[in-house]
Amino acid sequence: MKFCLFLGCNMPAIRPDVELSIRLSLQTLGVEVLDIEGASCCPAFGTFPSVDEEATLAINAWNLANAERKGADIIVQCGSCYSSLKLGRYKLMHGKLEEINQKFLSKVGLRYEGKTDVRHLIDVMHNVIGVERIRNSLKFSMKGMKVVVQNPCHVLRPSKKVGFDDPENPVAFRNIVKALGAEVPRYSRERQCCGGAGGFAKHDKTSNLEFLKKKLDAMKDEVDPDCIAVSCITCLMHMDNAQAELRKLGMIDYQIPVFDYCQLLAICQGHEPSKVARIATTPRDVVIGKILKNRI
Amino acid sequence: MIEGRDPKLMEELIELGGADLVKCYQCGTCIADCPTGFAETPLSAKRLIHLVKLGLREKLLEEETPWMCVTCGGCEERCPREAEPFEIVLAIRRWQCKEDDTYVPLALSEIFARGHTQNVLNPMRKELGLPEIVTVANNREALQKFREMLKETNVYKRYSYIFREE
């Protein structure tokens with residue numbers, strides 16, 4: 001089994017430890033991780049898609065064609081990258097492919113045939129690798145710990161184009177977190193967006209923080225979890241960093257550590273926490289310590 | 001033409017990818033679950049579509065709310081007319097860029113210069129034992145090709161002054 005890892009921009013630029021955790025956990029599961037020579041930004045919705053749809057599809061196709069040369073599907077963690085590439089591929093496969101190939105890719109000796117698809121990490125973990133294999137790869141367990149999940153919006157909606165799970169009651173992410181041995185209690189605002197993507201935070205910081213606070217309060221009051229598991233770089237950075245701002249402003253008086261799923265998985269597989277989970281604003285040592293006491 | 005109203009506005013938006021706005025019957029489902037509902041001035045696809053239908057160019061041009069979208073897809077999932085409000089919001093952004101260059105995001109020039117919105121060559125890679133980056137950010141030849149392709153796009157031709165080789 002092999003996949004082309006699409007890096008995007010935020011993960012390698014700001015959270016390379018997440019990239020390491022993805023590479024190591026996939027390798028431990030027997031997945032060959034390929035790099036895409038010549039990949040670029042997906043492009044993110046706030047960039048080319050906000051100015052020129054044709055240029056957007058050209059860049060989508062550029063990335064898809066470069067992955068196709070490796071002969072494997074793309075695997076991606078960032079929700080925005082997943083959505084941009086997946087929606088772009090949808091448009092290409094529904095009428096735009098030849099035009100984009102001819103107008104743009106052919107000018108630089110590239111061509112996208114439509115073979116390479118785009119899969120989100122949760123989809124691959126749940127539907128390709130499976131919970132059994134995840135369970136069998138573990139050296140440590142999250143038994144006795146409570147983890148709440150934050151599903152990335154972009155893997156759920158619009159479900160007809162990007163979905164692989166029930167958009168109103170998603171189970172894939174819960175199941176792969178449960179595979180680590182953790183309890184995954186539900187909370188009322190489980191399906192609420194983190195609010196981190198796009199221009200909301202930039203345009204109205206206070207309301208954006210209030211929006212996230214609602215979600216964090218629901219987690220704290222209803223579940224009091226050990227940590228939050230995410231599978232999107234924006235969810236990770238926003239929910240981690242904004243907690244520090246909320247505390248500074250006196251809007252919350254607690255802290256809930258945030259991990260990317262692959263960071264938890266890699267730690268449970270025995271990879272070095274100081275490498276795979278190095279960067280965080282909200283301290284995560286207590287959670288890591290608990291996992292390392294739980295040898296299977 | 002009623003003063004201040006331009007019936008051609010709708011056609012312009014349709015041209016830019018907003019064709020679905022004709023489906024809208026102003027039910028407001030798109031704003032019921034929008035995260036920006038928390039903001040003092042929320043993004044309302046319903047309202048923006050109404051402005052387009054009324055042909056109110058100036059009002060639409062001064063709207064900053066289309067840029068607040070968190071791209072969560074909630075409106076797309078729930079629209080009973082399957083009108084893809086998010087695509088309409090993107091079309092409105094494109095129209096604003098066309099009318100007023102200052103709306104064009106500077107991130108475009110970043111992507112042209114190094115292939116990414118940020119510097120992906122983080123020095124921590126080596127210490128973590130990560131392999132070298134092989135994207136356009138670290139591959140001259142691929143970056144040249146990438147720029148060559150972008151030079152074929154209308155956005156490059158129209159706003160070429162924002163794109164720099166370095």
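## Close-up views of a two-chain model

**View 1. Where chain B meets chain A.** In this predicted model, the contact brings together 53 residues of chain B and 55 residues of chain A. On the side of chain B that touches chain A, the helices supplying at least two residues each are H5 (74–78), H6, H7 (107–114), H8 (124–128), H9 (140–150) and H10 (154–158). H9(B) gives the largest share of that side, six residues. Sort the residues on chain B's side by character and you get 28 nonpolar, 15 polar and 10 charged.

**View 2. Helix H6 of chain B, up close.** H6(B) covers residues 85–99 and is one of the helices that touch chain A. How far apart should the ends of this 15-residue helix be? At 1.5 Å a residue the expected span is 21 Å, and the end C-alpha atoms of H6(B) are indeed 21 Å apart, so the two agree. The helix is also largely enclosed by the rest of the structure, because 13 of its 15 residues are buried.

**View 3. The four-stranded sheet of chain A.** Here four strands of chain A line up as E2-E1-E3-E4 in an open sheet with parallel pairing. Which strands stand at the edges? They are E2 (32–35) and E4 (118–120): each has a single partner strand, so one side of each has no neighbour in the sheet. On average, neighbouring strands of this sheet are turned by 40 degrees against each other, ignoring direction. Zoom in on E1 (residues 2–6) and E2(A) and you'll find a parallel pair held over four bridges. Within that pair, A:Leu5 has A:Asp35 of E2(A) as its bridge partner.

**View 4. A helix lying over the same sheet.** Helix H5 of chain A, residues 121–129, lies across E1, E3 (74–76) and E4 of chain A. Its direction makes an angle of about 80 degrees with E4(A).

**View 5. Two domains of chain A, side by side.** The domain assignment splits chain A into domain 1 (2–121) and domain 2 (131–292). Taken over C-alpha atoms, the centres of the two domains of chain A are 24 Å apart. Contacts between them involve 27 residues of domain 1 and 30 residues of domain 2. On domain 1's side of this contact, the elements giving two or more residues are helices H1 (10–14), H2 (16–28) and H4 (79–103) of chain A. Which of these gives the most to that side? That's H2(A), with eight residues. The residues on domain 1's side divide into 13 nonpolar, 11 polar and three charged.

**View 6. The three-stranded sheet of chain A.** This open sheet runs in the order E5-E6-E7 (chain A), again with parallel pairing. E5 and E7 (258–260) of chain A stand at the edges with a single partner strand each, so one side of each is left without a neighbour in the sheet. From one strand to the next, the twist averages 30 degrees.

**View 7. Strand E5 of chain A and its partner.** E5(A), residues 147–150, pairs with E6(A), residues 227–230, in the parallel sense over four bridges. A:Val149 stands opposite A:Ala229, and A:Gln150 has A:Val230 as its bridge partner. In a regular strand, side chains alternate between the two faces of the sheet. Are the faces of E5(A) covered or open? Both are covered: A:Val147 and A:Val149 are buried on one side, as are A:Val148 and A:Gln150 on the other.

Note on methods
Residues numbered from 1 in each chain as written. Chains lettered and ligands numbered in written order. Predicted model: local features only at pLDDT ≥ 70, side-chain atom pairs only at ≥ 80, totals over all residues. Pairing = 2+ DSSP bridges. Axes fitted to C-alpha atoms, helices over the stretch in contact; angles between N-to-C directions. Contact = placed C-beta atoms within 7 Å. Domains from an automatic or database assignment. Nonpolar A, V, L, I, M, F, W, Y, C, P; charged D, E, K, R; others polar. Buried ≥ 20, exposed ≤ 12 C-beta atoms within 10 Å, placed from the backbone. Expected span 1.5 Å × (residues − 1).
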